[in-house]
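Reader: I'm new to this structure and would like a close look at its inside. Please start with any empty space in there, then walk me through what is packed around the rest.

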Amino acid sequence: MSGMTTDAGSLRELTVGTGAGLDTADMVLNIGPQHPSTHGVLRLKLVLDGERVVACEPIVGYMHRGAEKLFEVRDYRQIIVLANRHDWLSAFSNELGVVLAVERLMGLEVPERAVWLRTALAELNRVLNHLMFLGSYPLEIGAITPMFYAFRERETLQTVLEEVSGGRIHYMFNRVGGLKEEVPAGWTSRARTAIDEVRRRLPDLDHLIRRNEIFLARTVGIGVLSAADAAAFGASGPVARASGLDLDLRRDEPYLAYGELDVPVVTRTTGDCHARFEVLLDQVYVSLDLAQQCLDRVDRLTGPVNTRLPKVVKAPEGHTYAWTENPLGINGYYLVSRGEKTPWRLKLRTASYANVQALATLIPGCLVPDLVAILGSMFFVVGDIDK
C-alpha cells in the first residue's frame, strides 16, 4: 500500500507494510472500540508489519460504570443487583461472591439446603456461560451452525433457572443468609430432566466442532499462552487451565458444598486457542454432573433456605476477602465494613480483567486473520473487565 507524504515541503512515496523486503513502515491500526470482531467495547491498538502484528496494546475502560463506588452507597441487598451485571453471563455466580463475603464478615451460617441449592445453581450458571462462548466462538471464525445447537441447550437450562428465580439473565436469587425463597414444588425433578436432555444432546455440538478440519486449522497452534505467562498475568479459569495451570478453587479452596463433592479439574498443556475451547467444552460435562449430584442431595434435605435477618442488614466493623471460581476464572471480593448498612469499601477482582492483559503477549507475532480467533478464545466479557 503506497501513500504520498509531505516532508519539509517535498513529496515522497512511502511503502507501508508489504512485508516483501522493501523499505516499509509499520502501520498503526485501531481495532475498536466499536468493531464487530470484539466482545463488547474493547479497543486494541495494533502495530502491523503487513499482515503480521508487531505490537498490541489492549485499551480498556469504555464500559466503565464505577460499580465499586456504587457499592459504597447501597445496602447489602441492593449491591446484589449491581453485582449481577459486570459479567452478565455469570450473574448467579457474581451474586454469590458478594453474599459469601458479607456472610463471612457477619459470621452467618447458611442452612444446609440453601448451600446445596446454591451449588447446583452455580454449576447450571457455569454451563449457561460456557454454552454462550461455545456457540459464539465458532461463529466468529465462520461456523454458524454451532450457535443454533448451543442456544438450544441454553434455552433448556434457562427455562429451569427462570422458573426458580423469575429472571432469565439477572437472577437476583441470592440473599445474605441464603436464597430468596424456596424452589417451586417439583423443580428439582424438572431440573434433572433438563440436565439429562442437555447431556444427551451435547455431542451434537461436540462432534460438529472439536475435530472439524477447518476449526482445527484456525485454532491449533494459534495464540499460545505458556503456563509461566498465564501465572504472571494472573490468568485463571479455563484460560489458565488450558495452559497447564492446575488451579480450581472448587477443589483447592472449597466453598459452598464443593468440599463434599469430587470436582474433576479439566486441564490441557498446549495453551493454544483449541486447548482453551476444549477445556470449556469438557467443563460443561463436569458441571452438568456436579449440578445433578447437588440436586440429588437437595431432595434428601429439609429445612429453610434462608436465615431470618433484621430489615436493615449491617455487617460488623472489620474486613474480609472471599473468592469464588466463577465461570470465567477467579473472582475476588474484598469487603471493608465500618458497621454501617453499606460497605465502606468493596473491591472487586474480576477474572476477565486479568485474562485480557495477556493479549499484549499473545497477539504480537500473529497474523491479522488469527486476531479474531485469539480474541474469541480468551472468553472475556467486557463489562467484567471495566466494571
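Author: Let's settle one word before anything else: a cavity here is a set of grid points where a 1.4 Å probe fits but cannot get out. Rolling a probe the size of a water molecule over the atoms shows where empty space is left. Keep in mind as you look around that this is a predicted model.

So, what does the search turn up? Across the whole structure there are two cavities of 30 Å³ or more. The largest cavity holds about 40 Å³ of space. To find it, look for Trp88, Leu89, Asn125, Leu128, Arg154, Gln158, Ile169 and Tyr171, which line it. Two elements give two or more residues to that lining, namely H4 and helix H5 (145-165).

One of those lining residues, Trp88, also leads you to Met63, which touches it. Met63 sits in the loop between E6 and helix H1 (67-71). Setting aside residues up to four places away in sequence, the other contacts of Met63 are Val41, Val382, Gly383 and Asp386. You can also spot Leu42 from here: it is 21 residues from Met63 along the chain, and their C-alpha atoms are 8.5 Å apart.

Now for the filled part of the inside. The largest nonpolar core has 115 residues, and the members that touch the most others are Leu44, Leu46, Trp187, Leu359, Ile363 and Phe380. Helix H4 (residues 112-140) gives the largest share of this core, with 15 residues. That is the H4 you just met in the cavity lining.

Leu46 is a handy one to zoom in on. Leaving out residues up to four places away in sequence, Leu46 touches Met27, Val28, Leu29, Ile31, Val53, Ala55, Cys56, Ile363 and Leu371. Ile363 is itself on the list of core members with the most contacts. As for Cys56, it stands opposite Leu46 in E6. E6 runs antiparallel to strand E5 (residues 43-49), and seven bridges join the two.

These strands belong to an open sheet of three, ordered E4-E5-E6, with antiparallel pairing. Strand E4 (27-31) and strand E6 (52-59) are at the edges with a single partner strand each, so one side of each has no neighbour in the sheet. From one strand to the next, the twist averages 25°.

There is another open sheet of three strands to look at, in the order E9-E10-E11, again with antiparallel pairing. Its edges are strand E9 (318-326) and strand E11 (345-349), each paired on one side only. On average, neighbouring strands in this sheet are turned by 10° against each other, direction ignored. Helix H3 (residues 91-106) packs on the sheet, where it touches E9 and E10, and its direction makes about 150° with that of E9.

How do the strands of this sheet join up? E9 and E10 make a hairpin with two residues between them. Nine bridges hold this antiparallel pair together, and Glu325 stands opposite Ile330 in E10. On to the next pairing: strand E10 (residues 329-337) and E11 are antiparallel over five bridges. Within that pairing, Val336 stands opposite Arg345, and Tyr333 has Leu348 as its bridge partner. Eight of the nine residues of E10 are buried, so the strand is largely enclosed by the rest of the structure.

Two single residues make good last stops. Is Glu278 buried or exposed? Glu278 counts as buried because its relative accessible area is 10%, and the cut-off is under 20%. You'll find Glu278 in helix H11 (residues 273-299). Apart from neighbours within four places in sequence, Glu278 is in contact with Arg210, Arg211 and Arg268.

Ala230, in helix H8 (residues 227-232), is buried too, with a relative accessible area of 0%. Not counting residues up to four places away in sequence, Ala230 touches Leu225, Ala235, Ala240, Ser243 and Leu245. Gln357 is 127 residues away along the chain, with its C-alpha atom 9.8 Å from that of Ala230.

How values were computed: Residues are numbered from 1 along each chain as its sequence is written. This is a predicted model: local features need pLDDT of at least 70, side-chain atom pairs count only at pLDDT 80 or more; totals for chains, interfaces and linings use all residues. Side-chain values use heavy atoms; hydrogens and water are left out. A nonpolar core is a set of buried Ala, Val, Leu, Ile, Met, Phe, Trp, Tyr and Cys residues joined through side-chain atoms within 4.5 Å. Buried means under 20% relative accessible area, exposed over 50%, partly exposed in between (1.4 Å probe, protein chains only). Helices (H or I, at least four residues) and strands (E, at least two) are DSSP runs, numbered from the N terminus. Contact means heavy atoms within 4.5 Å. Two strands pair if DSSP finds at least two bridges between them. Axes are lines fitted to C-alpha atoms, for helices over the stretch in contact, and angles run from 0 to 180 degrees between N-to-C directions. On a 1 Å grid over the protein atoms alone, a cavity is a set of points where a 1.4 Å probe fits but cannot get out, and a pocket is an open set with protein on both sides within 12 Å along at least five of seven lines; lining residues have an atom within 4 Å of a point. Grid points are joined across faces, edges and corners, and a volume is the space filled by probe spheres set on the points.
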